[in-house]
Amino acid sequence: MATAPAAEVPAHVPPELVYEIGLTTGPEFLAAPHAFMAKLHETHPPIFYSVNPIAGNSWVTIKHADAFFTLRHPEYFTTAGATPFPRDPNNYFFFIPLEIDPPHHRKYRAILDPTFSPQGVLKLEGYMRGLANDLIDDFIDKGETDFTTAFGRPLPVSIFLDLMGLPQDMRDTFVGWAVNLLHSQDRTSAGLAMRGIEAYLAQVIAEKTMTPDDRVISTIIQARPDGEPLTEREIFGFTFFLFIAGLDTVFATLNNMWLWLANNPDRRQEIIDNPDNIDAQVEELLRVFSVTFSGRTLTQDIEMRGVQMKAGDKFSSILPACNYDPEVFPNPTTVDFSRPRKPILAFAGGVHSCIGAHLARLEIKVALQEWLRRIPDFSVAPGAKTEYWPGGVVGPKALPLIW
Ligand code: HEM
């Protein structure tokens, strides 16, 4: 139970539901985050109040059904203020589409749904395979690499730049911004990254307004959802949010998966031996190694599982824990590629379910296929110690591999 001052916990929260578990920041979490989140089912009630001096206090759920309920009821659970990134109140912008509730959310989402549809992302498959192989060419003969810097980061960043219509020579700059914005523990580096991204995107938006292309930023600029173009701040908030949502999530996911692959040669071989089962393999790995959370704020008082919550309370679904709910996924920590198909929560659900889910699945599939075809046998470099990033996207900091 929590040791935090009672004043920080609203009076309506029963003391027996208050816990300080160090979610995303504490030593036990950082030692083995996925095992930590799976174990919550044995040690914690389905809904409890998490006290966290760094990440903030909120109700949390670890249940699959509760997460789907909150995600499917935006009338009770709003996404306003759902992201932790500070903005200038005098020049405010929303992170679009995440911070917009229905019905307005639809008009933004519709602009990009065709690009991110299963058919839309398939157009990128050839490019992805070429890119994965170019990256592998750079290090395969050395017999070793740091997966994170040589493959896990550059793959999604390059795909993102291509999708957005941004130059590939910005890759290292984007990687630097992403690391500083999403992982630096000091606000100065994060603020500098945020301003760097703002200045760069403002310039790009101005250029693409004059000279459009057929990529995502131009699609947003040229959209006329109500017969009118989006405002400059809307275009900016939309483009910026794609950057936040689409980079770190993919590389954290790849890093977690490759760490598991490196440590489980027989399971790696199972993937290689069953190429027709690749979609189920990707889905099961996404279930076991999901990386992020869904934050909401209550718009009205509500009772769930006998727990009384009040309007204004924060609420978060611990999606990785929900994917380990034993009521839905028996033996939840076992990676089982023949599990009966049930909806997973890696990409959340409801109106805000991840627009990039088909893209991310394809990136993971291509990465698995191309890597395992060329480097079927590999392991973690001897002596390497796995350390995880604190914060809202769960993944190892580095992953030195040898083969
Ligand atoms: C494995 C990789 C990814 C994971 C695990 C992931 C996870 C998520 C989750 C959990 C949400 C819902 C957040 C919430 O409800 O609070 C979300 C939303 C979103 N994601 Fe992803 N994501 C991934 C990749 C991507 C990519 C590649 C893109 C785009 C390039 C992207 C763009 C978005 C957008 C725009 C939203 C907001 C959707 C809306 O509000 O309608 N994501 N993602």
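How many bridges join strand β1 to strand β2, and do the two run parallel or antiparallel? In this predicted model, two bridges join β1 (residues 18-19) to β2 (residues 47-50), and the strands run parallel. Within this pair, Y19 stands opposite S50 in β2. Strand β2 also pairs with β3 (residues 58-61). That pairing is antiparallel and extends over four bridges. Here F48 stands opposite V60 in β3.

A further set of strands forms an open sheet. Its three strands follow the order β5-β11-β10, with antiparallel pairing. β5 (144-146) and β10 (379-380) stand at the edges. Each has a single partner strand, so one side of each is left without a neighbour in the sheet. Three bridges join β5 to β11 (residues 400-402). At this junction T145 stands opposite L401 in β11. Strands of a sheet pair through backbone hydrogen bonds, either parallel or antiparallel.

The chain as a whole contains 17 helices and eleven strands. Its C-alpha trace spans about 60 × 55 × 40 Å along the principal axes. For 403 residues, a compact globule would have a radius of gyration near 22 Å. The chain has 21 Å, which agrees. Buried residues make up 38% of the 403 residues. Among contacts with a separation of 6 or more, 68% involve residues 24 or more positions apart.

In soluble globular proteins, nonpolar side chains tend to be buried together. In this chain, the largest nonpolar core has 104 residues. Those with the most contacts inside the core are F241, I318, L319, A321 and A367. Leaving aside residues up to four places away in sequence, A367 touches A132, L155 and L254.

The ligand is surrounded by 26 residues. G246, T249, A348, C354 and G356 come nearest. Four elements give two or more residues to this shell: α12 (232-246), α13 (248-263), β6 (294-298) and α17 (357-374). Helix α12 gives the most, with four residues. By type, the shell divides into 17 nonpolar residues, eight polar residues and one charged residue.

Definitions and conventions. Residues numbered from 1 in each chain as written. Predicted model: local features only at pLDDT ≥ 70, side-chain atom pairs only at ≥ 80, totals over all residues. Core = buried A, V, L, I, M, F, W, Y, C linked by C-beta atoms within 7 Å. Buried ≥ 20, exposed ≤ 12 C-beta atoms within 10 Å, placed from the backbone. Contact = placed C-beta atoms within 7 Å. Near = placed C-beta within 6 Å. Nonpolar A, V, L, I, M, F, W, Y, C, P; charged D, E, K, R; others polar. Pairing = 2+ DSSP bridges. Rg over C-alpha atoms; globule rule 2.2 N^0.38 Å.
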